[in-house]
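Dear colleague,

I am handing over the structure we talked about, and I would be glad if you looked through it with the notes that follow it.

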Amino acid sequence: MKFCKTYQEYMQGQENKLPEVGFKKLKKILKKCRRDFQSGNDINNLAVHDPRTCPDHCPVCDGSFFPSLLNEMSDVVGFFNQKAQKLLEYHLASGFRKYMLLFKGKPQGNHVALIQEGKDLVTYALINAIAIRKILKKYDKIHYSTQGQAFKSQAQSMHIGILQSPWLCELMAFHINLRQSNIKSRKRPALFEGCSLTMNDEKPTLTCELFDSVKVDIDLTCSICLDTVFDPVALTCGHIFCYMCACSAASVTIVDGIKAAEPKEKCPLCREANVYRGAVHLDELSILISRSCREYWEQRIQTEKVERVRQAKQHWEEQCRLFMGI
């Protein structure tokens with residue numbers, strides 16, 4: 001079965017209308033672009049361009065294809081992030097906060113329904129990632145160009161790449177955590193087996209496979225300290241670091257917090273500015289790594305404790321000196 005049909009059947013099978021990539025519509029736009037440009041060449045007897053390609057500034061692609069895809073990608077990612085954030089917020093809440101979320105009506109159904117909702121969100125994210133990848137590949141094939149890949153890079157810089165989303169990483173960790181809890185309690189796992197935490201040379205990687213055509217690998221090594229991420233945080237560019245390492249890179253102390261970083265501060269990897277204020281703390285990932293690497297986690301707790309005390313002491317000494325005018 002062709003992916004276009006598989007994708008349409010999946011989206012039509014959802015109970016509620018969800019944001020989606022107009023796969024069929026976008027393919028029609030590409031065909032129209034090729035047909036219109038080829039007929040224009042025939043009329044004017046031009047042989048400058050290959051009739052299978054569109055020009056650098058094509059009114060069909062620039063005016064219809066890319067703007068439509070950009071809006072659809074933005075809607076898909078926005079919907080996914082919002083749903084995943086609410087689901088994980090409820091799952092991690094406890095005590096009075098959990099009752100408040102119940103009162104507000106954020107969660108839908110019981111615990112089993114929450115698990116299923118998490119699974120559905122991961123599936124939704126990955127199948128839409130495949131759809132976006134395939135339509136851009138189709139664009140480059142039809143036009144014999146690399147503009148589709150250039151658009152993909154542009155979308156990533158705008159933070160609307162769904163595989164970039166920190167909430168996808170959190171949902172993957174959420175599934176593994178629940179699966180491990182079910183095994184320990186001798187209950188049958190109610191989750192799909194696509195997500196796993198693998199160790200290569202004692203370096204963990206979060207992996208998810210679906211539909212035999214996409215594989216997501218998230219490296220859990222902090223590129224600053226070159227160790228497994230501890231108390232992980234994802235910047236808006238999608239890169240993951242230890243919280244303390246990220247604070248250091250942003251030139252802020254842990255007392256001030258990472259969101260106190262100046263907009264000019266850049267990601268250590270991609271050098272993109274203004275990525276700290278929208279950072280997401282990856283709580284589910286913290287739980288997963290702490291369970292999977294217990295000895296390492298305990299060592300880091302002790303190391304971090306010493307550093308946090310040192311920074312807190314230095315901060316309050318500076319505040320006292322400022323207050324006293326010394």
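The notes below cover the nonpolar core, the aromatic pairs and the pockets.

This is a predicted model, in which local features need pLDDT of at least 70 and side-chain atom pairs count only at pLDDT 80 or more, while totals for chains, interfaces and linings use all residues. Residues are numbered from 1 along each chain as its sequence is written, and side-chain values use heavy atoms, with hydrogens and water left out.

The largest nonpolar core (buried Ala, Val, Leu, Ile, Met, Phe, Trp, Tyr and Cys residues joined through side-chain atoms within 4.5 Å) has 92 residues, and Phe65 and Phe80 have the most contacts inside it. Helix H5, residues 111-143, gives the most to this core, with 16 residues; helices (H or I, at least four residues) and strands (E, at least two) are DSSP runs, numbered from the N terminus.

There are 3 aromatic pairs in the structure, where rings of Phe, Tyr and Trp (its six-membered ring) pair if their centres lie within 6.5 Å, and planes under 30 degrees apart count as stacked, over 60 as edge-to-face and the rest as tilted. One of them joins Phe65 and Phe66 edge-to-face, at 5.1 Å centre to centre and with 75° between the planes. Both Phe65 and Phe66 are buried, where buried means under 20% relative accessible area, exposed over 50% and partly exposed in between (1.4 Å probe, protein chains only). Phe230 and Trp297 form a tilted pair, 4.4 Å centre to centre with 45° between the planes. This pair links distant parts of the chain, with Phe230 in the loop between strand S3 (214-219) and strand S4 (232-234) and Trp297 in helix H10 (residues 294-324), 67 residues apart. Phe230 is buried, with a relative accessible area of 7%, and Trp297 is buried at 11%.

For the pockets, a 1 Å grid over the protein atoms alone is used, and a pocket is an open set of points where a 1.4 Å probe fits, with protein on both sides within 12 Å along at least five of seven lines; lining residues have an atom within 4 Å of a point. The largest pocket has a volume of about 710 Å³, and of its 32 lining residues Gln156, Gly161, Leu163, Gln164 and Ser165 are the closest to its centre. S3 gives the most to this lining, with 5 residues.

The second largest pocket holds about 450 Å³ of space. Its lining has 14 residues, with Gln14, Asn16, Leu18, Glu117 and Asp120 nearest the centre, and H5 gives the most to that lining, with 5 residues.

With best regards

How values were computed
Grid points are joined across faces, edges and corners, and a volume is the space filled by probe spheres set on the points.
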